[in-house]
Amino acid sequence: MAGPEEGLAAPAQEELEALAAIFCGPGEWEVLSRSGTQGAMCRVLTKAEGPSGADTPLELVFHLPAGYPACLPGVSVSSERLTRAQCAAVRDKLLEQAQGFLPEPMVHQLVVWVQQNLRHLLAAPGSGAGPGTCPAASATEAEGPWMTLLHLDHMRAKTRYVRTEYLVLQKTSKVDVDSSGKKCRERMASVLWEARAPPGHARFLAFEVKELSSLDELRKEFETAGLEALFPECVLGLVK
């Protein structure tokens, strides 16, 4: 007999596993249905800052067709604090954003995007929020991208780290395993350095994993990234 995941593309299957690890709080995540012909339907319960500054609960339902992620997911948005027109505006904007993620898995990116942009989206004229002025610039537009240098003391579940984009939710998501093999949150990461990225900097726009065998190779990576001054300051002190 065919398994419940037959027909789903491997990236979609891996994404469902990763999302279950990321949204691990009570009631945050649920797979509503899954089949080889119809794809999968999943629900994420989250919160985002609304126009008034208060947290707005959101229920996001994603339909991942059998051809996903080569094709767009279906999205529905509902919230007890938003009107039907506002929910429709958020859904339309999510689908617009989804175009830019093809053909990669995108559910987590879309959830993070709505968490970061809901307030500005609802403040825009025509969003169903009523009359208002032009929205303020988003955090990305106002401040630009930031770079953060992290130190991880250990990494038992390397594959899970790569799949779940731990840089975004490493402190709140179960992206590692403990000594007994159970899923756990990352507690042994420390921020070594953080600053706004220089204008035009485009080296770290995608998630990438590199395995280096020596300090010299690591030093060259810092030099290539234009961060050579950080190497003696932040890295050498860890190996003394």
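**Figure 1. Glu59 and its partner Arg43.** In this predicted model, Glu59 is partly exposed, with 28% relative accessible area. Its salt-bridge partner is Arg43, and the closest N and O atoms of the two sit 4.0 Å apart. Arg43 is partly exposed too, at 24% relative accessibility. Follow the chain and you'll find Glu59 in strand 3 and Arg43 in strand 2, 16 residues apart, so this pair ties together distant parts of the chain. There's a third player as well: Glu30 joins Arg43 and Glu59 in a network of salt bridges. If you wonder how such pairs come about, side chains of opposite charge can pair when their charged atoms come close.

**Figure 2. A bridge between helix 3 and strand 2.** Here Arg119 makes a salt bridge with Glu49, with 3.3 Å between the closest N and O atoms. Arg119 belongs to helix 3 and Glu49 to strand 2, and 70 residues separate them along the chain. Buried or exposed, or something in between: what is Arg119? At 31% relative accessibility, Arg119 counts as partly exposed. Glu49 gets the partly exposed label as well, with 35%.

**Figure 3. Glu221 meets Lys210.** This view moves on to another salt bridge, where the closest N and O atoms of Glu221 and Lys210 are 3.2 Å apart. Glu221 sits in helix 7 (residues 215-224), while Lys210 is in the loop between strand 8 (189-196) and helix 7, 11 residues away along the chain. Glu221 has a relative accessible area of 22%, which makes it partly exposed because the buried label needs a value under 20%. Lys210 is partly exposed at 43%. How many salt bridges does the model have by the rule used here? The count comes to 7 salt bridges.

**Figure 4. Inside the largest nonpolar core.** Zoom in on a core of 32 residues, the largest nonpolar one in the model. Leu58, Leu60, Phe62, Val77, Val90, Leu94 and Val114 are the residues that touch the most other members. Several elements give two or more residues to this core: helix 1 (10-22), strand 2 (39-49), strand 3 (55-64), strand 4 (74-78), helix 2 (84-99) and helix 3 (107-123). Which element gives the most? That's helix 3, with 8 residues. In soluble globular proteins, nonpolar side chains tend to be buried together.

**Figure 5. Leu94 and its contacts.** Now pick out Leu94, one of the residues that touch the most other members of the largest core. Ignoring neighbours within four places in sequence, Leu94 is in contact with Leu60, Val75, Val77, Leu110, Trp113 and Val114. The model also has a second, separate core of 9 residues, which includes Leu149, Ala225, Leu227 and Phe231.

**Figure 6. Two cis peptide bonds.** Have a look at the bond joining Tyr68 and Pro69: it's a cis peptide bond, with omega about 10°. Pro69 is in the loop between strand 3 and strand 4. Leu102 and Pro103 are joined by a cis peptide bond as well, and omega there is about 0°. Where is Pro103? You'll find Pro103 in the loop between helix 2 and helix 3.

**Figure 7. His151 and Trp193.** His151 lies in strand 5 (residues 146-152). His151 and Trp193 are 42 residues apart along the chain, and their C-alpha atoms are separated by 9.7 Å. With a relative accessibility of 27%, His151 counts as partly exposed.

**Figure 8. A nonpolar patch on the surface.** Not every nonpolar side chain is hidden here: Leu215, Leu238 and Val239 form a surface patch with about 250 Å² of accessible area together. Val239 is part of helix 8 (residues 230-239). For the protein chain overall, about 13900 Å² is exposed, and carbon and sulfur atoms supply 53% of that.

**Figure 9. Cys24 and Cys71.** Cys24 is partly exposed, with a relative accessible area of 25%. Cys71 is also partly exposed, at 27%. How many disulfides are there by the rule used here? The count is 0 disulfides. As a backdrop for these views, the protein chain has 8 helices and 8 strands, and buried residues make up 32% of its 240 residues.

Definitions and conventions:
Residues numbered from 1 in each chain as written. Predicted model: local features only at pLDDT ≥ 70, side-chain atom pairs only at ≥ 80, totals over all residues. Heavy atoms only, no water. Helix = DSSP H or I, 4+ residues; strand = E, 2+ residues; numbered from the N terminus. Buried < 20%, exposed > 50% of the residue type's maximum accessible area, 1.4 Å probe, protein only. Areas by Shrake-Rupley, 256 points an atom, 1.4 Å probe, with all protein chains shown as cover. Disulfide = S-S within 2.5 Å. Core = buried A, V, L, I, M, F, W, Y, C linked by side-chain atoms within 4.5 Å. Contact = heavy atoms within 4.5 Å. Patch = residues over 30% accessible without salt bridge, like charges linked within 9 Å, V, L, I, M, F, W, Y side chains within 5 Å.
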